[in-house]
Amino acid sequence: AQERYASIRDEPAQALCGTTISLHMNAGLIADLPSLAPSGADGVGLFRTELQFLVRNQMPQRSELSALYARVMDSAQGRRVAFRTLDIGSDKVLSYMKPNDEPNPAMGWRAIRVGLDKPGVLRMQLQALIRGAKGRPLSVMFPFIAAPSEFRAARAEWDKALAREEGLGHPLPVSAEVGAMLETPSLAFAPDSFFKEVDFISVGGNDLKQFFFAADRENERVRRRYDTLDVSFLTFLEQILARCHAAGTPISFCGEDAGRPIEAMALSALGFQMLSMRPASIGPVKHLLRRVDLSAAKQVIDEARDAGQDNVREALTGWLAAQRG
Ligand code: PEP
Ligand code: MG
């Protein structure tokens, strides 16, 4: 599939209206990194660090992790990599950690909740990231932040890790950004101060959608019932964008929908200027973005919404077909 889009690989995802969308790839294993160049990705918008923990049968050591993170940054050759700290719990269970029997794992003790309650692993990971960066710029984001206090506590761990590493004589990153993943509706309604204090927001669309519609992302029976292009969800995303724009905070969208061309177009039309997706999706998404006027697409969305439609998929596909015809 990448060959099909080879001719636009080095071209920007610039829409006809002039807006350029930055397309990044999702990754989690060293084996994913060779896709960076052929996909034409601007960077790694989501590096799921838990995959390294899931593929082994014992807790990795700090030195192994720092070597791994260094290799990831080496392969990215200066492009930005947003490292997401461990997102375990829910469907991602480590064989070497005591399983906890929870009635609702997706809403249970997972991700940053585990990281803050049992901070040993989080601390080790932050140290490993700093050591792996070896003075290079570093981006870190915390998963599943549902309240500003969780972000503040996680950031305090980050600050402590920096101080500790400095004390040990390790070089600190020349620049560092610390962000939050917005994956629960609660965070969208946090006070303004929260949006000002995070360095960036990454919308985890898979989880956000599951909690917005109260529809389990793992449950086939309900998963397809609600659509990202439902007006209610798009309106919600617009509000999140407005809050970030007002605070001057960069925002991106990762999650499977970013890799679906029509969805990616709608997200870009709403105002997302950075999308992160699996590498094979970058070509098809870029191909579509380069052929559309995003302000016109936004108008199609607004008109459908004003006309009382509860989903804009038909309006958008009809509009696209009319342009081709
Ligand atoms: C998400 O929830 O959208 C996300 C990117 O994280 P994950 O799919 O790993 O939960
Ligand atoms: Mg998630």
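**Ligand 1, strand β2 and helix α12**

Author: In this predicted model, α9 gives the largest share of the shell around ligand 1, three residues.

Reader: Which residues surround ligand 1?

Author: They are Leu46, Arg48, Asp87, Glu183, Gly204, Gly205, Asn206, Asp207, Cys254 and Gly255. The elements giving two or more residues to that shell are α9 (205–212) and β3 (43–48).

Reader: How many of the shell residues are charged, polar or nonpolar?

Author: Four are charged, four are polar and two are nonpolar.

Reader: What does β3 pair with?

Author: β3 runs parallel to β2, and three bridges join them. Leu46 in β3 is the bridge partner of Asn26, and Leu46 is also one of the residues around ligand 1.

Reader: Is β2 mostly covered or not?

Author: Mostly covered: six of the eight residues of β2 (residues 20–27) are buried. β2 also pairs with β9 (residues 274–277) in the parallel sense, over four bridges. There, Met274 is the bridge partner of Ser22.

Reader: And how does β1 run against β2, parallel or antiparallel?

Author: Antiparallel, with two bridges. Gln14 stands opposite Thr20. Five residues lie between the strands of this hairpin, where Gly18 takes a positive phi near 105°.

Reader: New topic. Why is α12 largely enclosed by the rest of the structure?

Author: Because seven of its ten residues are buried. Those of α12 are Glu263, Ala264, Met265, Ala266, Leu267, Ser268 and Ala269.

Reader: What comes just after α12?

Author: Gly271, with a positive phi of about 135°.

Methods:
Residues numbered from 1 in each chain as written. Chains lettered and ligands numbered in written order. Predicted model: local features only at pLDDT ≥ 70, side-chain atom pairs only at ≥ 80, totals over all residues. Buried ≥ 20, exposed ≤ 12 C-beta atoms within 10 Å, placed from the backbone. Near = placed C-beta within 6 Å. Nonpolar A, V, L, I, M, F, W, Y, C, P; charged D, E, K, R; others polar. Pairing = 2+ DSSP bridges.
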